[in-house]
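Please look through the following structure with its sequence alongside, beginning in the interior and then moving outward to the surface and to the question of confidence.

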Amino acid sequence: MTYPVQPKGSPAVSPSSQMKKPVQRPTAQLRDKEKSVSQPTIADQLARHTQRLSVNRYSTDEGCSHISIDQEKAKATHCGSVLVKVCPAHVYSMDDDGNIHSDFAACLECGTCRAVAPPGVLTWHYPRGGKGIEFRHG
């Protein structure tokens, strides 16, 4: 039986040195330190977003709403509560009779309402040129 010859000057490799070393687990002290670095709370995140949104400029087109609601179709499809819940700008509200109202001046023009409303309930278009929201932060 012949053994491979090691080149001169190279260190001998033993089978034990080729084995993988075990992964070190973080100690309890390190885990506690990681926990002390707190993540921002939901309230902090909302405050930051509210602050960023307050920089935006709104130019309201008083004479022309860009949102109209077909009340009969909205009542037939029961989508009023969905519109109220999903709108990030709280544009939609619903009265006791089930009628949906919109405050189009607060609209962020995100299109969420168009995505969730059944066909024919909303008539939505972008405001006329120069009107609507002007995003100042990204």
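**From one tyrosine outward**

Leaving out residues up to four places away in sequence, tyrosine 92 touches Ile67, Ile69, Leu83, Val84, Cys87, Ile100, His101, Ser102, Cys113 and Leu122. This contact list comes from a predicted model, and several of its names return in the largest nonpolar core, which has 15 residues and in which Ile67, Ile69, Leu83, Tyr92 and Leu122 are those with the most contacts. Two strands, S2 (67-69) and S5 (122-124), each supply at least two residues of this core.

The loop between strand S1 (57-59) and S2 holds histidine 66. Is histidine 66 buried or exposed? Its relative accessibility is 4%, and histidine 66 therefore counts as buried, the limit for that class being under 20% relative accessible area. When its neighbours within four places in sequence are left aside, histidine 66 is in contact with Phe104, Cys107, Glu109, Thr123, Trp124, His125, Tyr126 and Pro127.

On the surface, Val82, Val86 and Val116 make a nonpolar patch of about 170 Å². One of these residues, valine 86, lies in helix H4, which covers residues 80-86. Valine 86 counts as partly exposed because its relative accessibility is 30%, a value that falls in the class between buried, under 20%, and exposed, over 50%.

Taken as a whole, the protein has a secondary structure of five helices and six strands, and these elements follow one another along the sequence in the pattern α-α-β-β-α-α-β-β-α-β-β. Of the contacts in the protein with a separation of 6 or more, 66% are accounted for by residues 24 or more positions apart. Buried residues make up 19% of the 138 residues, while the accessible surface comes to about 11,000 Å², with 55% of that surface belonging to carbon and sulfur atoms.

How far the coordinates may be read depends on the part of the chain in view. The mean pLDDT of the protein is 76, and 59% of its residues reach 70 or more. Confidence is highest in helix H3 (residues 71-77), at a mean of 92, and lowest in helix H1 (residues 28-36), where the mean is 61. Where pLDDT is low, predicted coordinates should not be read in detail.

Terms used:
Residues numbered from 1 in each chain as written. Predicted model: local features only at pLDDT ≥ 70, side-chain atom pairs only at ≥ 80, totals over all residues. Heavy atoms only, no water. Patch = residues over 30% accessible without salt bridge, like charges linked within 9 Å, V, L, I, M, F, W, Y side chains within 5 Å. Areas by Shrake-Rupley, 256 points an atom, 1.4 Å probe, with all protein chains shown as cover. Salt bridge = Lys/Arg side-chain N within 4 Å of Asp/Glu carboxyl O. Helix = DSSP H or I, 4+ residues; strand = E, 2+ residues; numbered from the N terminus. Buried < 20%, exposed > 50% of the residue type's maximum accessible area, 1.4 Å probe, protein only. Core = buried A, V, L, I, M, F, W, Y, C linked by side-chain atoms within 4.5 Å. Contact = heavy atoms within 4.5 Å. pLDDT = per-residue confidence, 0-100.
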